[in-house]
Each structure stands twice: as C-alpha cells, then as structure tokens.
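Q: Got a minute to go through a structure with me? I'd like to start with some strand pairing and then look at helix packing.

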Amino acid sequence: MARLCLGASSALALIAGMGLAFADDVREGRAAYGDWHTDAPGVMRKITGKDIAAPLETPNTANRSKVVPKPADAELKTMPGFKVEPLATGLTGARVLRVAPNGDIFVSQSRPDGKVSVIRANKAGDKAETIETFASGLKDPYGIAFYPPGANPKWVYIGMEGKIVRYPYKKGDMKASGAAETIVSDIIVGPSHWTRDVAFSPDGKVMYVAVGSGSNVATETLGPKPEDMAKFEKSHSLGSAWGKEEWRSNVLTYTPEGKDKKVYAAGIRNCSGLAVQQETGTVFCATNERDLLGDNTPPDYVTSVKKGGFYGWPWFYLGDHEDDRPEGGPRPDLKGKVTMPDVLVQPHSAPLGIAFNPGGMFPKSWKGNAFAALHGSWNRSLHTGYKIVRLPTKGNKLTGEYQDFVVGFTAGDENVWGRPVDVTFARDGAMLFSDDGNGVVYRVTYKAK
Amino acid sequence: MKKWLCALAFVTGVALPIFARAAETLESTVATCWSCHGAAGLPSDSTIPIIWGQSAAYIEKQLRDYRSGERSSQIMSSMSESVRRDDLARAADMIAKMPWPQSSSTMREAAPDLIASCQACHGADLMGAVSVEGVAPRLAGQFANYLSDQMSAFARNERSNSKAMTSLMQSLSEAERAEIAKYLASL
C-alpha cells in the first residue's frame, strides 16, 4: 500500500516536473507535502493542524545535503514575469540581509568569517559595485537592525551568540566609524541554536531578540523543575523552560539600551528569523520545529507572535500534540494553552528569514505579503525546502498558505548548490535573498507583461 | 481500489492510517548515523568525523556531551537524542567495533615538532589513549578539515568539553594547528 502511494506521489512529481504549476495548483493537507522533485514555481500549499503525521510514521532519517558549486545546467526557476540573478558573489556564509535607508545592503557572514559586510549596488541596482567589511572579528554575527527606525539611523545593532552590540552609524558608512558598544551581554552562549536575530518596534521603543533552544527537545537540558512554577512563569512567561533552557526558545524584549529584559513569547524552538510588520507593529517569527520524528512530523512554521503566547516547545508542538521526550516528563498543565501558529510549513523545510514586501516592484496585489527563505532539510529522506516561498496576507494577516516562488537549488537527491537564509527588499522593491551555501546574494525583479 | 484511496489521500489531504509506527531497534537507530558518518565508515564530507573504530569510551562521552549541551552542534545535539540514554554505551560500543576506514592518503607529511606534546595524551602512535585528562581520541587518519575545525573550536572555547584541550589549543597559532591537522590526517 505504501508503495502504491509512492506511485501516486511520483505521478504528482511528473506533473510538477513539466514546468510551471497551473495557477490553480493548490495542494492542501498531506498533498501539500512533497520534496524537491515536486517543487514548482506557483504551487500553493496549505497545511493545517489536522494534517500532521503521527510521530515516526516514517523512520527518523538523515540526509544532509552536500553543497556543490552551481552545475552548468542548473537554473533557478521562478514565476512568469520574474527574473532571478546574482547581485553579489564571494560572500562566504552570507546570512542575514538588511537594507539601510540609503540602499546599502548589510549582510552578516556568520561562519566561519564572523563579519558584517556592506554591498553597494550600481545605479541599475543589479550588480554589486563595492563590497566593504563593516565589522570583523565577531563571533557568529547574525541579526542586523538599524536604530532608531526611520531615515537617519544612528546605530547598527548586531546580534551575536552571547550578546547584542551596536556600532555608530551615519548614512553612507560602509565601515564602522567607531568601536562596538555592548548593549546586552547576558544572552546564553552554548549548545545548539546560535543565531540571534534582532529587530525594533516601529516606534523604536522595544528591541526584540530571538534566542533559540539549547537542544532539540530538552531531553537532558532542563534539570529540576522550578520549585514554584507559578512564580517562575510570572517572572518569565507561560510555558517558559528552565535549567539550561532558561531565556531560550524565546522572543525576548529589551529597551534599545539593553535594559529591562522580558520574555515576550515562549516555546518557540528556534525563531531564526524575526520581522516586525511596519503597519501594525506585530512581531513575526520563522521557526524550525523539532527533529527525529520522521519525514513528515512536525511542520515548521511562520507566525505572528502573540505577547505572552506559548508555542509549545518542548512539551507540545503545533497545538496539543504532546512530545514525551523532554526531561522530567510531560506538562499536562500546559495542554490547551498552546498557541497555534499561522502558517505551517512542510516539516524539515527550515524557514530561516522572513520579510514583508513593501511594494514598488512586485505585483500590486502582493504588497504586504511575506516571503520566507527555506534553508532546506537534513532530517528527512528526500530533500525539501531549499527555496523561497511567498506567504499571502489579507488585511495584514497571513492566510495560512504559502507558494513556491524561487526553486531549483537541488541537484539530485544528495547535492544542492544553494541554501537560502534570508530575504529582504531593496529600495526599488526588488527582492534580495542570501545563500550561505555558496555565498551569494540574489536579486529577484519583476516586470509586468 | 487501493490505488484510488491513495490518490484520494494525496489529492484531498486525508491522512490514511497506513503507516505503522516504525519499529526501532538500536541497530536501526545507529544505521541512521551512516548517512553522514559513511556507510563504510568514511564520511562523504571532510567536516564530518570518522567514528568507526574510534574509542568507545570517547564516543559515549561525546554523545552524552552533545545531549547535555557540554558540546555544541545543532545536528549532533539532535542526532545524539535519537539513541536512548540506556543504550548510549551499547551504541558507542557497536561503533567502536566497526573498522576504521582505510586511509586514502599516500604520502605521510613531515611530523611537526609540536606533535610530541600531543603524544603524551593521545598515545605515541596518536591512535588514542587514556590520559590524565580522560580518554583522548584517535587522531591518526582523521580528516584534516575536521581536526582543524575542532582545534579552533577548542581555542575559541566553542567546544568547551575539555579544559586541557582549550588551553593547549589557545597556545598554538592557526598555522601551527593547520600543520598538525595535515600531518595527523596523513597518518
């Protein structure tokens, strides 16, 4: 029976392989799952809480991709009217992208270089003209944020594994003009998730910092429970973890001066991409869910984040799906208190960065839509992810669907020639995305036919 | 009929209860390791260590360290959790009993002077030994890339599960570490 079903899925693969998906190719539920064979620009996917496969429905499998140089015959595919081209190359380990008000493109090159570079494009905006090192010698620089918000930021904040620092900045600086000032020094260093994204509220009053968990599912990192759980949750937030996981799997808030640390939301295993919607001030996370539960469990997600919300990690995932692996046993007291994320993304896709389309180039109806970069899977048998997806919005809210937008980084079942990390938009409305596999920043443009 | 049901499952997204929870044995769990560490013990990628034939006590300690966060790696932190706590020693033993893959290197590099200081703990033949600082792993024939990565990780204290190795690696320059790694890989 299982084999027959595989047959059905490869029939789907064949259809998708014929090129662009049909405009009405909406795949819902388990049909929305697939792998790189069934990716095609335009395919719309919708996964809901009832589509989640049971744990270990398929065995836990590892298939880490090998990054190779772009094969001669490989080509990225996108939707009609769009064009994808490299803007800058040679940016080893390119991760987070943020555009300064003057149009300069900041990119963190977390590993192995530990630096932040600035790309200035030519007039046409389609090629890097100069690339400078803004700051170097940093340990795992990741998030980048300009402060204060608006046309004249005075600082560039950089999120690193253990701290948030800021450099003085004035319009046009391509090299930091002064030394880094440490704003937050108490962020956990150590096991597992090391990315620290940082963003400000539109009014500049709140600094959001995302800190992922210190393990897959806290099998040995919790230790003894807090004696007074009610008190602990009051000083942290509903569903916060403790021990080596304290202040992790969180979105934290601080003042821009790094004071007044608070948990904004808990149970978010790894919010590797943090974005603030400018119209509403809502915080969004792109999150990687847990490993080792098989090819199809559990979905990753992109979501608006509720203040005080608990998103499940480590005891639950995506609503009331219980996980029995965390040290110290289950937390039945949290059942029914797990906030369901907005958009479920195929398990193991690894969404890392998100950005909202400010408008100016892409189709008008896409203004305000979110885009996410899927870094790609290692914990499933066939690769999935390795693409850029569009997440439609309606009235500033994500609809729950997502659409394959740029695909084609896979080269066979083992190799890939790119791993998308972050998305952002240039001043002219073109989309930029980074690839830390081959160190490229790509630009996606649109011309209405 | 069955075919039709399957098609239905894919088209409508109805999840059919067709898969049983996969039976897991320690053997099948350990078999998932080979997709990275190599089906014949030779990893396809030189940033992934050879573990076949490594010391059992060392493998077990590393698995425990990844689980508890004493040693950091996103992938291994997850993968180490796939082995049940009570099975860790047995898994390590199974891996240690597999043969270390044959070296592909044809030429032995010249031994750097500094290597004598490593032999004190890692064994005269650098095949691993029980040292004053605990079990020191086999280094001979390991990938140069991986060894360099780990030596830098110790030096930067990103790998913090051996204080002795951290202070020793901090006393060496990057070039010295690279030279040693190259030599070790050629053994």
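Q: Which residue is the bridge partner of A:Val251 in strand 16 of chain A?
A: A:Ala265 is the bridge partner of A:Val251. Keep in mind that this is a predicted model.

Q: How many bridges join strand 15 and strand 16 of chain A?
A: Four bridges, with strand 15 (residues 250-254) and strand 16 of chain A paired in the antiparallel sense.

Q: What's the strand order in the sheet, and is it open or closed?
A: The sheet is open and has four strands in the order 13-14-15-16 (chain A), with antiparallel pairing.

Q: Which ones are the edge strands?
A: Strand 13 (196-200) and strand 16 (262-266) of chain A, each of which pairs on one side only. On average, neighbouring strands of this sheet are turned by 25 degrees against each other, direction ignored.

Q: OK, on to chain B. At what angle do helix 3 and helix 5 of chain B pack?
A: About 135 degrees, and the axes of helix 3 (residues 56-68) and helix 5 (residues 88-97) of chain B are 8 Å apart. That angle makes helix 3 of chain B oblique to helix 5 of chain B.

Q: Is that crossing left-handed or right-handed?
A: Helix 3 of chain B passes helix 5 of chain B in a right-handed crossing.

Q: And what classes of residue are in the contact?
A: Between helix 3 and helix 5 of chain B, the contact has eight nonpolar, no polar and four charged residues.

Q: Which residues meet there?
A: From helix 3 of chain B, B:Ala56, B:Ile59, B:Glu60, B:Leu63, B:Arg64 and B:Arg67. They meet B:Leu88, B:Ala89, B:Ala92, B:Asp93, B:Ile95 and B:Ala96 in helix 5 of chain B.

Definitions and conventions. Residues numbered from 1 in each chain as written. Chains lettered and ligands numbered in written order. Predicted model: local features only at pLDDT ≥ 70, side-chain atom pairs only at ≥ 80, totals over all residues. Heavy atoms only, no water. Axes fitted to C-alpha atoms, helices over the stretch in contact; angles between N-to-C directions. Helix = DSSP H or I, 4+ residues; strand = E, 2+ residues; numbered from the N terminus. Parallel < 35°, antiparallel > 145°, perpendicular 65-115°, else oblique. Left-handed = near helix turned anticlockwise from the far one by under 90°. Contact = heavy atoms within 4.5 Å. Nonpolar A, V, L, I, M, F, W, Y, C, P; charged D, E, K, R; others polar. Pairing = 2+ DSSP bridges.
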